[in-house]
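Me: I'd like to learn how to read a structure like this one, piece by piece. Could you walk me through it?

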Amino acid sequence: MVLEPELVQRVLRVALGTGGRLAEVFAEDRTTTSLRLDDGRVEEVVAGRDRGAGVRVFHGDTQAYAHTNRMDEAALVRAAEAAASAAGTRTGSVRVVDLAGASSTGDVPDPITHPVPEPADGVARDRKVAWLREADDAARAVAPTVRQVAVAYFDTRQRVLIADSDGSWVEEDRPRIRLFVSVVAGRDGVMQTGSHGPASMGGTELFQRHPPAATAERAARQAVTMLDGIPAPAAEMAVVIGPGGGGVLFHEACGHGLEADHIQKDASVFAGRLGDRLASPLVNGVDDGTVPGAWGSLAVDDEGAPTHRTVLFEEGVLVSYLYDRLRAEHDGVPTTGNGRRQSHAHLPIPRMTNSYILAGDADPEGVIADTPRGLYARTLGGGQVNPANGDFVFGVAEGYLIEDGRITSPVRGANLIGNGPAILAAIDAVATDFETWDGVCGKEGQGVPVGAGSPTIRIARMTVGGTDA
Amino acid sequence: MRERPAGSGRPDLPELCAVAMAEAAGGEAVEAFAQEDTHVQVRARAGEVESLSFSESRGVGVRVIVDERLGYAYAADPEPAEVAELVRVAREGARFAEPDPGNVLVRIGPADPIAGLFDEAQATVTTDRKVAVALELERLATSRRPEVRKVESVGYGDARSRVAMASTAMDGGSVEFSRTDCWASATCLAEGEGQTESGWSFGLARGLAGLDVAAVADEAADRAARLLGGRKPASARLPVVLDPAAAAAFLSVLSGALSAEAVQKGRSPLATLVGQAVGSDAVTLVDDGRLEGAPATAPFDGEGVATGRTTLVEGGVLRGFLHNAYTAARAGAGSTGNAGRGSYRSVPGVAPTNLHLSPSDQDAEALLRRAGRAVYVQDVSGLHSGASSISGVFSVGATGLRVEGGALGAPLREMTIASTLLDVLGAIVAVASDLRFFPFGAGLGAPTVLVGEMTVGGT
């Protein structure tokens, strides 16, 4: 147990002392092991433990938050006092705080766990070293032009407790694991990079789905292939995005704009557009925090609400926004379970979990064959969006020209730029070959694990920014 | 309102460092890095406080080197006994790492303090005053121009932080410093002509007295409003003027290639070019961890080495790279005091400190007149995916304005600018006098820059 129920009750009572309408405690205890191989050597072995708690008080639409990484009663009470004093000055009547059954029986619900065949935190270090070696060897075996390989591995267990003055008490034990391989290939003074980093909410079964060698080979092939790249064009053209990558586009082009904080600030191009057909009728999009084992999955969000499969677009029609507790209360709707925070040191805000464009009917090879001229973006790097107007950009990590319906030369330095609603409307093919992509999404300085997914999709026309004008 | 120091009632940071030193076994090099800070952040919107956060945190990270093998362990707010345990855990981890002659601890000596780094007056500023500053910033930001009536975010924040370090490579005791920072930021939304555009500004100072809130409000509002009505340009190769924020964003990519670690591990396109021209003669790049008032200023770096001034590129000629103790040992050079450390959780890497492009004495207006017809870039996006310090690709999204007849003209949106790091450096025609620092990474600075040619992508 991260904190004792009696202590949490006392802290919540203090937090409500100035008349706040709701108080919440978020506490976490996180252990992390990370290893890094670079330049052929296992160079870092790191073990860490982080813990801390934050007390939040709601006072109207204002949130006051105080957090500490000290877990003793004095520090927690002081945090509660700070949050309370910021939330209001009125002396409220003393409110009794009952936590889910704790007042009568002293019991609280058991933590939610994610049972995995083999939790990573129990695995001996020499096996973890062997995964690094396997990846390094596999990447270097791809081609003599592979110059440098870095392999980063980590596993973490985050135990969270979220309790509030309405009596909710939820604990979740979240195991996560990731292996990330970065490769540099070089030839004749040209250097190109490739990377791949599958990840999971789970344990070592990740490596049955994604063996370290396979991850390394994909990263190395990308780098080696790009050595033959020609400068990317700068022009408007059809763009086919490979499986998985369309999910990254969906995340940037519209996912952020659907987060209810942007909507309520009227700082989103999607504000006031529920029920409108904004995307092509081929687009069915969801945010799904319940996918077993997926990197962006959680049983409950960081406000203790169960995660959901939330339909965002149904045949192109905008169906829902993504809510956390504060914004859901403001709109008088249930939260969608998207209130997430990087750690106890951050206020929760609406965030995506796993955002997917669902598979369609088109044959992926047919989509390419049907494209006379365009760009094939096999793998996308991350992207960035301005939610206020929907303008977004992302880099193409592995891209090729499409000429006469065939994938031809690899291209370097391609960048895609567009406007969210316009691009969603311009999707004219959605194929059957769904894949996922794992990443870390940054918003307001907070990084959280997110999944993205899609089949091959085509955008009829968008701007490719390269150096070849 | 309460704001007590994070450490009250707890073992002091040097005391925790001493526990780690006492736990060191013979033949081991042990280093302890202890950190504590308190933050206050206020966000305002529509005349109200949107959120108010207080935080306190402390932690210790311990590096143990045994037979050239490195282990690391950290913990949030450890008791003394837990610090001793960190040494044992790091020692255990070191068994699984491989020996590397670069794993050394440098001798830590006293570093000269930096005047004004800790603003005593800031410690007495009340929370009410901070709330008032955030509300005033929001009021100003939404009342200066008719097109700007709302903000995406407006905030005031401050931090008080302290670092203490000890190492078996020093003669007992510990070194430490404290600093204060406060900042104001605004992202305004301008609406009109069927468009919404955003504009950002940021002010940073040691204390509230040094913050010019009105200037932040004006700049954010102006930058949003002047983009309204923007159109996508035709794709072409054109001269490009990077405003200081866009130029600093370019430097954030380039800085990766100036790290000796990238050089040693085959990840820098500059690796073999020391002594050669890597840019035009207008390019002088300096890293200065002691620059008063700049964001990354500190008396010593993440492994206790005194910070300093390093000229990396002089008149276009590459002079050297940024080093920490590891890269210095591998290169047979001296550390430049650039061991970067995100927090007590991280093993020191190499990081720039106030890396900046040296300004000239001509103002930005003169630079625009010289440009004649060009694209002026005020914001870039997608840096983390569209630019690489390894391949040298620089291909990012941009917003800005046309430059016509030597002056700013019609707004532009949804465009890209693309080149390579070396091509941009080589094509820099001139830099202006308006050097500004930004909180990108630990802190980077640039003036307005005229680049002779880049590819602008649009229709």
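**Reading the model, feature by feature**

Reply: Sure, and let's begin with domains. In chain A, the centres of domain 1 and domain 2, taken over C-alpha atoms, are separated by 25 Å. Keep in mind as we go that this is a predicted model.

Me: Into which residue ranges is chain A divided?

Reply: Domain 1 covers 120-156 + 175-228, and domain 2 covers 231-464. Where they touch, eleven residues come from domain 1 of chain A and eleven residues from domain 2 of chain A.

Me: Which elements give two or more residues to the side of domain 1 of chain A that touches domain 2 of chain A?

Reply: Look for β7 (199-201) and α6 (212-226) of chain A. By class, that side of domain 1 has four nonpolar, five polar and two charged residues.

Me: α6(A) is a helix, then. How do I read a pair of helices, say α4 (residues 125-142) of chain A and α6(A): at what angle do their axes cross?

Reply: With a helix pair, go for the approach, the angle, the hand and then the residues. Here the axes of α4(A) and α6(A) come within 8 Å and cross at roughly 35°. The crossing is right-handed. From α4(A), the residues that meet the other helix include A:Trp131, A:Ala135 and A:Val142, while those from α6(A) include A:Pro212, A:Ala216 and A:Val224. This contact between α4(A) and α6(A) divides into eleven nonpolar, one polar and three charged residues.

Me: Let me try that on chain B. How do α1 (residues 13-23) and α2 (residues 80-94) of chain B cross?

Reply: Same recipe. Their axes come within 8 Å and cross at roughly 45°. That angle is why α1(B) counts as oblique to α2(B). The crossing of α1(B) and α2(B) is right-handed. On the α1(B) side, the contact is made by B:Leu16, B:Val19, B:Ala20 and B:Glu23, and on the α2(B) side by B:Pro80, B:Val83, B:Ala84, B:Leu86 and B:Val87. Sorted by class, the contact of α1(B) with α2(B) has eight nonpolar residues, no polar and one charged.

Me: What about sheets? In what order do the six strands of the open sheet in chain B lie?

Reply: For a sheet, read the strand order from one edge to the other, then check the pairing. In chain B the order is β10-β9-β8-β13-β19-β18, with mixed pairing. β10 (317-318) and β18 (436-438) of chain B each have a single partner strand, so one side of each is left without a neighbour in the sheet.

Me: In which sense do β13 (residues 355-357) and β19 (residues 444-446) of chain B pair, parallel or antiparallel?

Reply: Parallel, over two bridges. One to find on screen links B:His356 with its bridge partner B:Gly445 in β19(B). Helix α5 (residues 244-257) of chain B packs on this sheet, touching β13, β18 and β19 of chain B, and its direction makes about 130° with that of β19(B).

Me: Last one: how many residues of chain B are in contact with chain A?

Reply: When two chains meet, count each side, then look for what contributes. Here 68 residues of chain B are in contact with 69 residues of chain A. The largest share of the chain B side, twelve residues, comes from strand β2 (residues 48-66) of chain B. The chain B side divides into 22 nonpolar, 28 polar and 18 charged residues.

Me: And which strand of chain A is joined to β2(B)?

Reply: That's β3 (residues 62-68) of chain A, which runs parallel to β2(B) and is joined to it by six bridges. To spot the pairing, find A:Ala66, whose bridge partner in β2(B) is B:Phe54.

How values were computed. Residues are numbered from 1 along each chain as its sequence is written. Chains are lettered from A and ligands numbered from 1 in the order in which they are written. This is a predicted model: local features need pLDDT of at least 70, side-chain atom pairs count only at pLDDT 80 or more; totals for chains, interfaces and linings use all residues. Domain bounds come from an automatic or database domain assignment. Two residues are in contact if their C-beta atoms, placed from the backbone, lie within 7 Å. Helices (H or I, at least four residues) and strands (E, at least two) are DSSP runs, numbered from the N terminus. Ala, Val, Leu, Ile, Met, Phe, Trp, Tyr, Cys and Pro count as nonpolar, Asp, Glu, Lys and Arg as charged, and the others, Gly among them, as polar. Axes are lines fitted to C-alpha atoms, for helices over the stretch in contact, and angles run from 0 to 180 degrees between N-to-C directions. Angles under 35 degrees count as roughly parallel, over 145 as roughly antiparallel, 65 to 115 as roughly perpendicular and the rest as oblique. A crossing is left-handed if the near helix is turned anticlockwise from the far one by less than a right angle, and right-handed if clockwise. Two strands pair if DSSP finds at least two bridges between them.
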